[in-house]
Amino acid sequence: MNLNKIPATIVTGFLGSGKTTLLSNILRQANGKRIAVIVNEFGALDIDADLLRNCPLDCDDEQEANNASDNGVYELANGCICCTVEEEFLPVMETLVERRDQIDHILIETSGLALPKPLVQAFNWPQIKMHCTVDAVITLIDGPALVDGRIADDPDRVNALRLADENLDHDPSLQELLDDQLHSADLVLISKQDLLQPNQLESLQQALNARIGDGVRCHPMQNGEVEQSLILGLESQSEAQIEHKHTHHDHHHAEGQDHQHAHDHFDSISLSLGEVNSDRLLEELEALVSAYPIYRAKGFLALPGKPMRQVIQGVGQRFDRYFDRPWQSDEERRSRIVLIGKGLDTKQIEQRLQALEA
């Protein structure tokens, strides 16, 4: 029944768990497979979508949706994907269905705040069900963060939890988010294996195996690298079983409660700057993370005298920097930064970062 259906892989996971890195590596190893990508960005600047646009995609040049790039990346930036299924997700899927003869696989990167179940349920809508199926729901877990207690159950205490105070718990919203992502998963990947000791990894795997469903595999990975045979072509047909997977989201709706979704607890600051000194900016970001509950930082930097664009990404106190591509001749050299956190002083943070412009 699924021979002529386009398989779709849904990649979910908490902020900074490595979803974009995983998708980038999948695209780089596509080996001619024609892959369409849907990205649900949290924040006004499409940092993740821009990163994926620079991966080699073998897609037709003709695009039929206004929010599609010229290489097969579709951005949903107008809200959390699980809250805008009908308004945002369905129109893009209908566009992909129209182009189904040109597509071999669909990758969907949810925001770190999305509940997977409503998205999977959408694949049972007649206009999607006839042509697409969910190959697998993959949930990424930030291994070091979970081991250290930095995936906070109470957003007001995240800053303290980054200092490994494991006694600070629990806030239902984030716990429910993590639980629902695990309960909806067909595969769980533990990212940043290289930052874990063998005994930590073993304990974490045992804890996760006790929480996920029977038959759901749990694999470690580092740098987003994993054998494609482990993550693509799983043929889970998740939409057929999703109604039998219990989530906290079901519980809230069953009792008629107003479900306060986890992303209601988060703030996002998006900033565009000129050229900056990378070392000074990193020092300032580290200082800001120590002063404010900033969970995630990401962006592109324009460095004076440097022909290449630098990517900066941070989770808690951990930051990575690397050059991803040359600046284009017709491209404005601007630095773009997104910060995601709780109760942020937007004006103060913007002033501190704007003072770093070269």
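## Close-up views of a predicted model

**View 1. Ile349 is in contact with Ile269, Leu288, Tyr292, Ile294, Leu339 and Leu344, once its neighbours within four places in sequence are left aside.** Contact here means heavy atoms within 4.5 Å. The model is predicted: local features need pLDDT of at least 70 and side-chain atom pairs count only at pLDDT 80 or more, while totals for chains, interfaces and linings use all residues. Residues are numbered from 1 along each chain as its sequence is written, and side-chain values use heavy atoms, with hydrogens and water left out. Ile349 belongs to helix α13 (residues 346-354); helices (H or I, at least four residues) and strands (E, at least two) are DSSP runs numbered from the N terminus. With a relative accessible area of 0%, Ile349 is buried, where buried means under 20%, exposed over 50% and partly exposed in between (1.4 Å probe, protein chains only). Tyr292, one of its contacts, is 57 residues away in sequence, yet the two C-alpha atoms are 9.3 Å apart in space.

**View 2. Ser272 is a partly exposed residue of strand β8 (residues 267-273).** Its relative accessible area is 38%. Apart from neighbours within four places in sequence, Ser272 is in contact with Arg334, Ser335 and Arg336. Ser272 and Ile337 are separated by 65 residues in sequence, but by 6.5 Å from C-alpha to C-alpha.

**View 3. Phe89 and Phe123 form the one aromatic pair found in a search of the whole structure.** Rings of Phe, Tyr and Trp (its six-membered ring) pair if their centres lie within 6.5 Å; planes under 30 degrees apart count as stacked, over 60 as edge-to-face and the rest as tilted. The ring centres of Phe89 and Phe123 are 5.9 Å apart and their planes meet at 50°, so this pair is tilted. Phe89 is in helix α3 (residues 85-98), whereas Phe123 is in the loop between α4 (116-121) and α5 (126-129); the pair therefore ties together parts that are 34 residues apart in sequence. Both residues are buried.

**View 4. Helix α9 (residues 198-209) has its buried residues on the same side.** These buried residues are Leu201, Leu204 and Leu208. They cover an arc of only 65° around the axis, the arc being that of the directions from the helix axis to the C-beta atoms. On the face turned away from the buried side are the exposed residues Pro198, Asn199 and Gln206. The 12 residues of α9, at 1.5 Å a residue, should span 16 Å, and its end C-alpha atoms are indeed 16 Å apart; the expected span is 1.5 Å times one less than the number of residues.

**View 5. Helix α1 (residues 19-28) is mostly covered.** Eight of its 10 residues are buried. Among them are Leu22, Leu23, Ile26 and Leu27, together with Lys19 and Asn25. In the protein as a whole, buried residues make up 56% of the 358 residues.

**View 6. Asn223 and Gln237 are two loop residues with a positive phi.** Most residues other than glycine have a negative phi. Phi is near 55° for Asn223, which is found in the loop between β7 (217-220) and α10 (228-231). For Gln237, in the loop between α10 and α11 (248-254), phi is near 50°. Gln237 is partly exposed, with a relative accessible area of 28%.
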